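Subject: Structure handover, with notes on aromatic pairs and strands

Dear colleague,

I am passing on the structure we spoke about, and I would be glad if you could look through it alongside the notes below.

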Amino acid sequence: MNKYAIPTGIIFTVIFLTNCTSQNERIIKEIEKQARQLPKMLSSALRIDNITLDPNTNTLEYHYTVFNDSIISMCNNEETQKRMAMEIKRSSSMAKFRNQKMNFKYIYISGESKEILLRIYIPESMYKNYND
């Protein structure tokens with residue numbers, strides 16, 4: 001057995017884990033930075049309230065309030081999910097999250113009733129395998 005094999009393997013593991021940790025820390029800092037700017041009106045009918053990260057599922061959650069429920073009632077969940085997957089795959093601003101193989105969840109809540117109007121989940125496999 002090569003006497004340098006174990007130390008080299010340990011060094012590689014430490015460097016790899018340190019790199020993963022620093023990547024995760026950068027992602028967390030980016031999410032915290034975005035979250036500090038919220039809530040924010042995106043239009044007269046839509047406000048983004050919060051962004052959270054579930055590290056157990058590697059899921060980035062976006063929480064919105066909708067002030068015109070009829071906008072959401074016109075949405076086809078499957079078609080909306082496909083469009084959002086396409087945007088995640090194409091968007092340069094989402095690249096850092098794609099590179100971390102994140103999942104995405106979008107939750108739209110009624111400004112009137114406070115009920116969930118729409119919940120869209122986009123796993124990494126969906127945007128990764130999306131074909132234009």
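The notes that follow deal with the aromatic rings and then with the strands around them.

Please keep in mind that this is a predicted model. The count comes to 3 aromatic pairs. One of them joins tyrosine 62 and tyrosine 106, whose rings are stacked, with 5.1 Å from centre to centre and 5° between the planes. Because tyrosine 62 belongs to strand β3 (residues 59-66) and tyrosine 106 to strand β4 (residues 103-110), this pair ties together parts that are 44 residues apart in sequence. Both tyrosine 62 and tyrosine 106 are buried.

Another pair is formed by phenylalanine 104 and tyrosine 127, which counts as edge-to-face because the planes stand at 65°, beyond the cut-off of 60 degrees, while the ring centres are 5.6 Å apart. Since phenylalanine 104 lies in β4 and tyrosine 127 in helix α5 (residues 124-128), the pair links parts that are 23 residues apart in sequence. Phenylalanine 104 is buried, at a relative accessible area of 0%, and tyrosine 127 is buried as well, at 3%.

As for β4 itself, 6 of its 8 residues are buried, so the strand is largely enclosed by the rest of the structure. β4 pairs with β3 in the parallel sense over 8 bridges, and with strand β5 (residues 116-122) in the antiparallel sense over 6 bridges. β4 and β5 form a hairpin with 5 residues between them, and lysine 114 in the turn has a positive phi of about 65°.

With best wishes

Key
Residues are numbered from 1 along each chain as its sequence is written. This is a predicted model: local features need pLDDT of at least 70, side-chain atom pairs count only at pLDDT 80 or more; totals for chains, interfaces and linings use all residues. Side-chain values use heavy atoms; hydrogens and water are left out. Rings of Phe, Tyr and Trp (its six-membered ring) pair if their centres lie within 6.5 Å; planes under 30 degrees apart count as stacked, over 60 as edge-to-face and the rest as tilted. Helices (H or I, at least four residues) and strands (E, at least two) are DSSP runs, numbered from the N terminus. Buried means under 20% relative accessible area, exposed over 50%, partly exposed in between (1.4 Å probe, protein chains only). Two strands pair if DSSP finds at least two bridges between them.
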